[in-house]
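Dear colleague,

I am handing over to you the structure that we discussed for your introductory reading. Please open the sequence and the structure side by side before you continue with my notes.

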Amino acid sequence: MRFAQVDVFSASPYRGNPVAVLLDADHLSERRMQEIARWTNLSETTFVLAPTRPEADYRVRIFTPFGELPFAGHPTLGTAHAWREYEGIDKPTIIQECAAGLITVRVGAELAFAAPPTLRSGPLEPETLARVRAAIGSDILDHQWVDNGPGWAAVQLADPQAVRAVDPDWAVLGDLKLGLVGQYPDGDLEVRALFDGIEDPVTGSLNASVAQWFYRTGKIDRDYTATQGTGRVAVSRAGDQVWIGGATLTCFVGEAR
């Protein structure tokens, strides 16, 4: 199988979020996909398959080392990047089929995906909020379920400095997937993503659902940049549709045997 490892949300190699992409993967069983994803030990590994819907360019399955996700943001951009490079296809829009449905990827100076609908929203339950407070030890301005597939909850802290200062208690956080958000005076955001005892370098799905939350509630009303670690996420809105974009570049190519 053809293989690529793509860095997402950074124009400089090794400063974004990597994803392993295996093309021509139709013959692989689900068990083998999970074994490979566990072995690569990246936050996500994707497998490109023939589409089952006529409007889709390809189908993708997205695995963490521990299980399959219906949707994830940086794997969507990384997979689209690898598919375009390997197939040599230049078109303004790519349609990706995944377990969450059809995802539109817009091609320009950078790739951008159309954020899927939020599956769960609304404030966190009191017991969940108390657990978050105990895990991060920080004052919380606002909170929201922002689940668009992976299961994200998010809390807004006082400012970006408060976000960067959090040293989470992983044992208390447990299996909760938590986003931390702080807003700069100009409206841009600082974001962190905590789950499964690790911190994700840059997270497309979380930024997508946080953007939907912030636009919906009037916390922000313009295009903005979200900083997460060393990565940069470009967030824009056209009508009711939120777009999440960023730089993508291939770091390794080869074949998987």
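A residue is called buried here when its relative accessible area is under 20%, and exposed when that area is over 50%. Please also keep in mind that this is a predicted model.

I begin with helix H1, which spans residues 30–40. Its buried residues are Met33, Gln34, Ile36 and Ala37. These residues lie on the same side of H1, because they cover an arc of only 160 degrees around the helix axis. Which elements cover the buried residues of H1? Among them are strand S2 (17–22), strand S3 (45–49), strand S4 (58–63) and strand S5 (68–69). Arg31 and Trp39 are exposed, and they sit on the face of H1 turned away from the buried side. After H1 comes asparagine 41, which has a positive phi, near 60 degrees.

The second region concerns strand S16, residues 241–246. Five of its six residues are buried, so S16 is largely enclosed by the rest of the structure. Two pairings involve this strand. Strand S8 (residues 111–114) pairs with S16 in the antiparallel sense over four bridges, and within this pairing alanine 114 has tryptophan 243 as its bridge partner. Strand S15 (residues 231–238) also runs antiparallel to S16, joined to it by five bridges. Here the bridge partner of alanine 234 is glycine 245. S15 and S16 form a hairpin with two residues between the strands, and glycine 239 in this hairpin takes a positive phi near 65 degrees.

Yours sincerely,
A colleague

Methods:
Residues are numbered from 1 along each chain as its sequence is written. This is a predicted model: local features need pLDDT of at least 70, side-chain atom pairs count only at pLDDT 80 or more; totals for chains, interfaces and linings use all residues. Side-chain values use heavy atoms; hydrogens and water are left out. Buried means under 20% relative accessible area, exposed over 50%, partly exposed in between (1.4 Å probe, protein chains only). The arc is that of the directions from the helix axis to the C-beta atoms. Contact means heavy atoms within 4.5 Å. Two strands pair if DSSP finds at least two bridges between them.
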